[in-house]
Amino acid sequence: MPKKSNLFYVVFSMSCFIVLGLSSYKEEQNIKAAENLRVSEGFENPLGFYDATPTFSWKLPISERVLSQSAYQIVVASSPDLLPNHADLWDSSKQMTDQSVWVKYQGKPLQSRQNVYWQVKYWNQYEEASKWSKVSHFELGLLSNSDWKAKWIGLNTKKEKVMGSQDNIIHRPQYLRKGFELSNEVASARLYITAKGVFDVSINGQDVSDDVMPPGYTPYQERVETITYDVTDFIESGQNVIGAELAAGWHSGRLGWMKSYWSDTETPKLLCQLELTMTDGSKEMILSDETWKGTTKGPIRFSEIYDGETYDANFEMPDWNTNNFSDKTWENVNAFPIVESIRLEPKRHTTVKSKIELPAKSMIKNDGTLIFDFEQNMVGVPLLKVPMKKGQTLKIRCAEKLSPDGTFYTENYRSAESTNHYTASEDGIIDWMPKFTFHGFQYIELSGFDTSVEPSTDWVTGMVQYSDFDENGTFISSHGKLNQLQSNIVWGLRGNFFDIPTDCPQRDERMGWTADAQVFAPASIFNADVYRFWASWLQSVRESQFENGGIPWVVPDVLFNNKVSAGWGDACTIIPWKIYLRTGDKTILDDNFEMMKAWVDYHESVSKNYISKMGGFADWLQPLPENGDNKGDTSHSLIGTAFFAHSARLTAKTAKALGKIEAYEKYNALYQNVAQAFENHFFENGKVKEVSETQTSYLLGMAFDLISEENKANAKKHLLEKIAEADNHLRTGFLGTPLLYEVLDETGEIDLMYQLLFNETYPSWFYSINQGATTIWERWNSYSKEEGFNPMKMNSLNHYAYGAVGEWMYERIAGIAPLEAGYKTIRIAPEPRHPLTSASASLNTPYGKVSSSWEIKDGVFKLNTTIPPNSTAIVTLPGNADAVEESSQVKPSANSNGKSEFVVQPGNYTFQSQL
Ligand code: BGC
C-alpha cells in the first residue's frame, strides 16, 4: 500500500454532487436506502450460514445527496414482521460513525437453524436519515456436531484396480438411496448433507443443486464442511426417495504424487439429515443410517480427480432415485456414528459450479479421432453431445497443448491420466459430462464415436468450473499483449480456484501450495470476489499448522511430511495482511493472529542469532540459475531470514491494528533485530556479501525494509546493476518476481518496471504470450516455438504465480490503490508510460465501485475517475494540470514532484494535465 504523502489537504466542495445536493435536499423527505447488504465476508442472504457472530456491511447509494455516512442503525429480528420497530435480536440504536462495513453483531446469541432478518438505515453528511433498507436475511446451518443425529454411511468399497486407474487402486463410486413416506404435508424442508468424498444428491429423481463436487476440500481429519439445501419444492406428499452418488474425490482418492499418501485413507461416506417442518407444525427427520441401501453397480464405474471418469450406460438403473424402483438387490450400507474429533461445520465459501460454457472453435480430423480446440486453456470438464453406436466406447482425452506435429502433449500431466470413457447402450446422441473429476485442457480428443455422422464442433463444449465467485474488477489498456496478460491472469484464477487455491489444475498435484497462494492472493482480489474463498482456506491453514508452529508446504496437508519452507509458510502472515489492506476487515487479522505469532516463533526457533536455518524451495524456478537448480541462486539462509523479518513485521502490524500493544512491541522489536542481523550478515554498504548476489537478494532486503537508510541508495544501485547485467530482464523466481514491481515502484524506477513488463524476450511475461500462452505458465518458457516443450516434467501451462503482477497493473498502470485499509481513502495515481496510450480499470471496493480510466492524446493526459460514497480519494496526475485550461471540476490543490495532487469527494471527475 502506498504511503500517505504530506500533501496539502484541501477538500473541495466543487463536486457536482454537493452542489446539487445543497440546493435540493430540503425538498425531499427521505434519502435513498442503503444497498448491497452483506454479512461477514460478503455473503448475500446465505442459507446454511456458518457464522453465528456475523458482521454487517452495506453500501451507500449513488445519489446527489449522499457523500458520506454520519451514523447508522441496524435492527435484527427473528421475523421480518418485527422490523424495523420491534427487533427482538438486536437494535444497535443510532451509532454516530461513518463505519458502513464489517459492523459486528452484538445481539442475542444465535443458534443452529435460526432465521435472522436485518435492516439498516444511515444518516448522510447532513445528518438526514435514509429510508430503511430492504430486509436482508440469513439462515444458520448446523453449527455443531451435536446437531447431527445422522450417521456416516457407505458401502465397504474395497480398493480395486479398475480400468483407467494407474497402479493405484480406487474406491468404486457408490449409489445410495432411501425411500420414506410422509403422512403429512410439508411446509418447509432442509437437507443438511456432506461427504467424506464428493457427492451429487437428488430427491425424487430431481437434482437438488448444480454444485460441482461438494462439499469441497478441507483438512478432513479436522473438519468436514456441510451444505444446506432448501428442498421444500422437491418433497412430495406420501412416498419419497433420496438418492446420492458418492465418489472418492479429494478424501479417499489419489492425491499428492507420492503413493503412500493415498493408499491408506478411509472409504468414502455420506452424511445427511433431511429436516421437515409439516404444515401442522410438527417436525420429522430422515437420517442417513443403516436403513439405507447401496450399490456399486451403477453407470459411473470409475472416478478419480487425476485420472478421469468411466461411465457405462449398460449399467444405468432407470429411475433408481425415484419411487419406481426396487432396491431389493442392493446391499445394506454400513453406518458409523459421527465422532467429536472431526468437526462438522457449514461451508464458509461458495461451492464450485459450471460457470462458463466455451464452444469449441475448431476441429482437426484424423484417422478415427477428432481433436477439438477451445483456443483457451481452461479447467473443468467437456460436455459431450456425440453420436454413438450401441457398444462403442468413446474415449475422451485432454491436453493443454498440441505438439508441433499435431499430437497430444500429455507428458506434463505426469501420472494423471485425465481420460474419460463413455460406453453407449444404444445408438444415438449421448449427452454426458463427467461428474467427479476435473481437467486442465485446451484440447479434447475423441475416438470411438459413430463415424458415419459428419462431425461438428458442437459435439464438445468446455464447461469451465471454479468456485462460484463474481468478477470484482476489470482492466484494459491500449496494448494487445498487456490485455492478453490480463486475460491470462483471469484464466489462471479461474483455473486454480477450484474450492482451494491450487498450484496447477491438471497434473498429479492440484494441491494448495502455500507460496503460490501467497504471491497471487492480492492479484486475485482485484479480479474476483474472493474474500470468502481466502478466509475459508486460511481456516484450513490454521487447522494444518504443526504443533511447533510450522506451516506445511500444502494446505490441506496431504503430504504429511512435517516439512516447512521459507516464503511458503509465510502465506499465513502475508495473506491475512494483504486481505486486510484491501477489505479493511479486522476479523481476518483477529482470526489468524495466533497462527501468525506461532509461525514467527517457529521462525525464531530455527534461527541462530536471528539468521535463519529454515530451508525450503527458495526462489523457486528462477530462470537461468547459475547453479542449474530449480531453487535458484539466492542464498536459502538470506531468504529465510528475510521472511522471518517480514513475518515478524506483519505480525507486529497486525497486533497494532488489533490494539494489542504488548504484542506489537514484542514483534516490532523482533523485526528490527532480525532486520539488523540480516543487514550485518548478508550486506556491506548496501552490497550483498559472502552469498551469491542476485536480483532477489536485493529485492527481499528492499521490499521488506531490511536495509538501513544510509545503505538504501547503494542497494538500489546494485539491484539496478544486476538487472542491467541481465540485459534488463528479470532473473527472479516465485518469491522474487512479485517484489520487482513493489521495489522498482517504491524507488521511482517505474520506467524500468515498464521495460521488464513489456519485454518480449525470455524471460518475461510477453515471452510466454509470444509462444501462445492463454494462461500463466509455470515457467516463462514452458513452451517455445524454437525449442518446443520444456523438457522438465514439471511443466504446468496453468500456474497462476507469475500472474501476481496483476496487482501492479491495477494499482499503478491504472492507478487504483488503498491509502487506508479497505479503500476508505483511495489513491488514484496512474503511471502512464510508453508504449501505453490508455489504460482503464474498475474495482468493487467495500464502499462501491472505483474506476480510473486514462488516455493520452497530443501530449495531454486525460483521466476519468469515479469515487464511491463514504470514501475519499487523493488523485495524483502526471505532468502539469495547471497548464491545461478548464482541466476539471476540481482545481489542483498542490504541486509536488511536478505532479498535481487533488483531494476529492465521492463523485465522477475528469482531470487533464500536460505531459
Ligand atoms: C508446485 C509448486 C510449488 C512447488 C514447490 C511444485 O510442484 O507445482 O508450484 O510451489 O512445487 O516446490
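A residue is near a molecule if one of its heavy atoms lies within 4 Å of it. Keep that in mind for the first exercise. The model here is predicted, so local features need pLDDT of at least 70 and side-chain atom pairs count only at pLDDT 80 or more, while totals for chains, interfaces and linings use all residues. Residues are numbered from 1 along each chain as its sequence is written, and side-chain values use heavy atoms, with hydrogens and water left out.

**Exercise 1. Find which residues surround the ligand, and sort them by character.**

Step 1: Go around the ligand and you meet D503, R507, E509, W513, D516, W568, F617, W620, F734, E778, M794 and H799.

Step 2: Sort this shell, and you get six nonpolar residues, one polar and five charged. (Ala, Val, Leu, Ile, Met, Phe, Trp, Tyr, Cys and Pro count as nonpolar, Asp, Glu, Lys and Arg as charged, and the others, Gly among them, as polar.)

**Exercise 2. Work out how far polar side-chain atoms of E509, D516 and W568 lie from ligand oxygens.**

Step 1: Recall the cut-off: a polar contact is a pair of N or O atoms within 3.5 Å.

Step 2: For E509, a polar side-chain atom is 2.6 Å from a ligand oxygen. For D516, the distance is 2.5 Å. In W568, a side-chain N or O atom sits 3.2 Å from an oxygen of the ligand.

Step 3: Now look at the cover. Alone, the ligand exposes 310 Å², and the protein buries 97% of that. (Areas come from the Shrake-Rupley method with a 1.4 Å probe.)

**Exercise 3. Classify the ring pair F643 and F704, and say where each residue sits.**

Step 1: Rings of Phe, Tyr and Trp (its six-membered ring) pair if their centres lie within 6.5 Å; planes under 30 degrees apart are stacked, over 60 edge-to-face, and the rest tilted. That rule gives 57 aromatic pairs.

Step 2: The centres of F643 and F704 are 5.1 Å apart with planes at 75°, so this pair is edge-to-face.

Step 3: F643 belongs to helix α8 (residues 636-657) and F704 to the loop between α10 (695-703) and α11 (709-725), so the pair ties together parts 61 residues apart in sequence. (Helices are DSSP runs of H or I, at least four residues.)

Step 4: Both F643 and F704 are buried, meaning under 20% relative accessible area (1.4 Å probe, protein chains only).

Terms used. Polar contact = N/O pair within 3.5 Å; in protein donor to acceptor, adjacent residues only side chain to side chain. Helix = DSSP H or I, 4+ residues; strand = E, 2+ residues; numbered from the N terminus. Buried < 20%, exposed > 50% of the residue type's maximum accessible area, 1.4 Å probe, protein only.
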